[in-house]
Amino acid sequence: MKNRILLIILALALPSTRLLGNDEEEILEIKKISSRIIFDGICDEPAWDSLYGLPLKMYRPNHGSEPSEKSEIFVAFDDGFFYLGARLHYENGSRIRTTTKKRDGAEGGNDNFGILLDTFNDNENALCFETNPSGLRSDFTIGNDAQVNLGLRPFNRDWNAFWDVRMKVVGNIWHVEFRIPLSTLRFQEINGKVIMGLTVWRQLSSKQEWNVFPLVSNKLGSFSVWKPSQAKKVVFDGLVRKNPVYITPYLLAGLEQSAELDDTETSYLVKNNRRLTGGLDVKYAFASNMTLDLTLNTDFAQVEVDDQVVNLTRFNLFFPEKRQFFVERSSIFTIRTGYEDQLF
């Protein structure tokens with residue numbers, strides 16, 4: 001009887017030990033590099049080959065299969081930057097597809113390559129950086145684990161960050177180098193280590209193929225690739241948070257001219273109305289989870305030109321917020337009550 005009780009206790013204890021071991025194995029360590037990476041768009045430095053390559057799997061059309069094209073993808077960091085490098089191979093280089101270089105214009109007709117970083121490891125929010133063979137910069141945020149109402153997208157492409165990307169097509173290989181300042185990535189350090197979620201994707205437009213690391217279930221909806229909860233857990237040892245100060249001044253000048261008839265109605269009087277104004281935005285991240293935003297005479301001008309829309313309905317048009325002062329982490333205040341309704 002005692003032996004049976006002992007066996008039952010061991011049977012209950014063993015699964016917990018194995019599970020703990022699996023969790024430890026699932027966390028991938030990202031190495032800090034000491035050698036210099038020349039940021040020229042070609043991954044030919046010895047530092048890249050010394051890193052662990054991220055193995056992509058096909059997300060669609062044949063979920064779980066080996067990709068039809070070879071991809072060599074590496075992630076690293078140093079004292080100032082987070083790096084993502086890739087050598088994306090093509091059997092036929094003429095199949096490389098790109099249609100635009102417009103900021104935030106990485107759409108389905110391009111061969112896209114990007115990364116998702118759940119910097120606070122909260123399985124809810126993430127920062128995404130993406131490019132195409134034209135070298136465009138596309139950055140956006142993800143909120144609420146990419147769960148949205150039908151017909152909407154979980155991306156906030158109006159978020160813009162400080163980062164850079166360079167690329168070069170050499171023969172049948174598309175080389176890509178991302179360089180993201182550590183001051184752009186907000187994260188929390190615990191016992192000298194930083195844990196994040198990471199997802200990398202590659203889109204082959206000519207084949208309607210998506211490859212991803214890690215392999216994400218295709219049963220989680222159309223945006224499962226961008227779910228922070230499905231990202232690979234990675235640990236950074238020696239990653240030090242930066243506390244940058246961003247100062248953004250602006251100046252607006254204008255001239256309005258009007259012509260009115262004089263009292264005798266024989267000539268026009270030209271009046272000039274000159275306007276000059278300015279302001280200042282200051283952003284200081286003095287803690288990993290707290291940022292001070294100050295504004296003086298907020299710039300209420302449009303950050304970019306609104307799309308021209310002909311409205312034939314009786315409802316007002318909805319234009320998303322584009323001012324950076326109000327965009328970052330705006331998903332915290334997002335309480336949707338309908339299709340495009342927002343309380344804040």
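Let us start at Pro 61, which sits in the loop between β2 (57-60) and β3; strands (E, at least two residues) and helices (H or I, at least four) are DSSP runs, numbered from the N terminus. The peptide bond that leads from Arg 60 into Pro 61 is cis, with omega near 15 degrees. A second cis peptide bond links Phe 213 to Pro 214, where omega is about -5 degrees. Pro 214 also belongs to a loop, the one between β12 (209-213) and β13 (232-237).

A word on what you are looking at: this is a predicted model, in which local features need pLDDT of at least 70 and side-chain atom pairs count only at pLDDT 80 or more, while totals for chains, interfaces and linings use all residues. Residues are numbered from 1 along each chain as its sequence is written, and side-chain values use heavy atoms, with hydrogens and water left out.

Now for the overall picture. The protein chain has 3 helices and 16 strands. It holds 344 residues, and 39% of them count as buried; buried means under 20% relative accessible area, exposed means over 50%, and partly exposed lies in between (1.4 Å probe, protein chains only). Among the contacts (heavy atoms within 4.5 Å) with a separation of 6 or more, 63% are between residues 24 or more positions apart.

From Pro 61 the chain leads on to an open sheet of 4 strands, in the order β3-β4-β10-β9 and with antiparallel pairing. β3 (71-77) and β9 (164-170) are the edge strands; each has a single partner, so one side of each is left without a neighbour in the sheet. Neighbouring strands here are turned by 10 degrees against each other on average, direction ignored, with axes taken as lines fitted to C-alpha atoms (for helices over the stretch in contact) and angles running from 0 to 180 degrees between N-to-C directions. Strands of a sheet pair through backbone hydrogen bonds, either parallel or antiparallel. Pairing here requires that DSSP finds at least two bridges between two strands; β3 and β4 (residues 81-89) run antiparallel and are joined by 7. Within this pair, Ile 73 stands opposite Ala 86.

The β3 and β4 strands are also linked through charged side chains. Arg 87 forms a salt bridge with Glu 72, their closest N and O atoms being 3.3 Å apart; the term stands for a side-chain nitrogen of Lys or Arg within 4 Å of a carboxyl oxygen of Asp or Glu. Since Arg 87 lies in β4 and Glu 72 in β3, the pair ties together parts that are 15 residues apart in sequence. Arg 87 is buried, at a relative accessible area of 10%. Asp 49 joins Glu 72 and Arg 87 in a network of salt bridges. The structure holds 10 salt bridges.

Further along, β7 (138-142) is worth a stop. 5 of its 5 residues are buried, so this strand is largely enclosed by the rest of the structure. In a regular strand the side chains alternate between the two faces of the sheet. Both faces of β7 are covered, with Ser 138, Phe 140 and Ile 142 on one side and Asp 139 and Thr 141 on the other. β7 pairs with β6 (residues 126-131) in the antiparallel sense over 5 bridges, and the two form a hairpin with 6 residues between them; Gly 135 in the turn has a positive phi of about 85 degrees. β7 also runs antiparallel to β8, joined by 2 bridges, with Asn 156 in β8 as the bridge partner of Thr 141.

Glu 130 stands opposite Ser 138 in β7 and is buried at 3% relative accessible area. Arg 157 forms a salt bridge with Glu 130, the closest N and O atoms being 4.0 Å apart. Arg 157 lies in the loop between β8 and β9 and Glu 130 in β6, so the pair ties together parts that are 27 residues apart in sequence.

Two aspartates deserve a look for their backbone. Asp 104, in the loop between β4 and β5 (113-118), has a positive phi of about 65 degrees although it is not a glycine. Asp 145, in the loop between β7 and β8 (155-156), has a positive phi of about 55 degrees. Asp 104 is buried at 13% relative accessible area, and Asp 145 is buried at 8%.
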